[in-house]
Amino acid sequence: LVVEKCKFLQESGCKGLCLHQCKIPAQDFFREELGLDLTVKPNFVTQECQWSFGEKPLTPDEDPSFPNGCLVGCESRKAMADRKGEVLCM
């Protein structure tokens with residue numbers, strides 16, 4: 001299944017949110033709740049996402065979806081940098 005434009009990735013513009021709030025939870029849900037392996041492969045350039053059912057996902061250490069660094073123009077990173085030094089939790 002190919003998601004041609006991932007709304008989650010388009011709106012957040014954040015690789016970390018994509019990987020940790022969508023990719024990993026989706027893979028875990030399908031494996032744990034439905035007993036079906038799923039590999040989610042986001043393409044951060046085109047904002048497409050390939051969902052491959054029946055394919056065992058790689059660990060984050062082996063998975064090329066987990067490159068270092070943020071996407072160009074990542075608003076989440078900019079927002080966090082702007083808040084540096086603020087107390088974010090009480």
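This is a short tour of the structure above, stop by stop, with something to select at each one.

**Before you start.** The model is predicted, so local features are reported only at pLDDT of at least 70 and side-chain atom pairs only at pLDDT 80 or more, while totals for chains, interfaces and linings use all residues. Residues are numbered from 1 along each chain as its sequence is written, and side-chain values use heavy atoms, with hydrogens and water left out.

**Stop 1: the whole chain.** Show the cartoon and you will find three helices and three strands, following the pattern β-α-α-β-β-α along the sequence. Helices (H or I, at least four residues) and strands (E, at least two) are DSSP runs, numbered from the N terminus. Of the 90 residues, 27% count as buried; buried means under 20% relative accessible area, exposed over 50%, and partly exposed in between (1.4 Å probe, protein chains only).

**Stop 2: the sheet.** Select the three strands: they make an open sheet in the order β1-β3-β2, with antiparallel pairing. Strands β1 (2–3) and β2 are at the edges with a single partner strand each, so one side of each has no neighbour in the sheet. Two strands pair if DSSP finds at least two bridges between them. Now take residues 38–43 (β2) and 48–53 (β3), which are joined by six bridges. Together β2 and β3 form a hairpin with four residues between them, and Gln47 in the turn has a positive phi of about 65°.

**Stop 3: Lys41.** On the hairpin, Lys41 stands opposite Gln50 in β3. Add Glu55 to the selection: Lys41 forms a salt bridge with Glu55, the closest N and O atoms being 3.2 Å apart. This pair links distant parts of the chain, with Lys41 in strand β2 and Glu55 in the loop between β3 and α3 (75–82), 14 residues apart. A salt bridge here is a side-chain nitrogen of Lys or Arg within 4 Å of a carboxyl oxygen of Asp or Glu. Lys41 is partly exposed at 38%, and Glu55 is partly exposed at 30%.

**Stop 4: the core.** Select Ala26, Phe30, Leu38, Val40, Cys49 and Trp51, the largest nonpolar core. The elements giving two or more residues to this core are α2, β2 and β3. Another core, of five residues, lies apart from it, and includes Cys6, Cys18, Leu19 and Phe44. A nonpolar core is a set of buried Ala, Val, Leu, Ile, Met, Phe, Trp, Tyr and Cys residues joined through side-chain atoms within 4.5 Å. Back in the first set, centre on Val40: leaving aside neighbours within four places in sequence, Val40 is in contact (heavy atoms within 4.5 Å) with Lys23, Ala26, Gln27, Cys49, Gln50, Trp51 and Ser65.

**Stop 5: helix α1.** Go to residues 7–12 and pick Lys7 and Glu11, which are four residues apart and so separated by about one helical turn. They form a salt bridge, with the closest N and O atoms 3.2 Å apart. Lys7 is exposed at 55% relative accessibility, and Glu11 is exposed at 59%.

**Stop 6: helix α2.** Select residues 15–34 and find Phe29, which is partly exposed at 42% relative accessibility. His20 is also found in this helix; leaving aside neighbours within four places in sequence, His20 is in contact with Pro25 and Phe66. Finish with Asp28, Arg31 and Glu32, which are linked in a network of salt bridges. Within that network, the closest N and O atoms of Arg31 and Glu32 are 3.3 Å apart.
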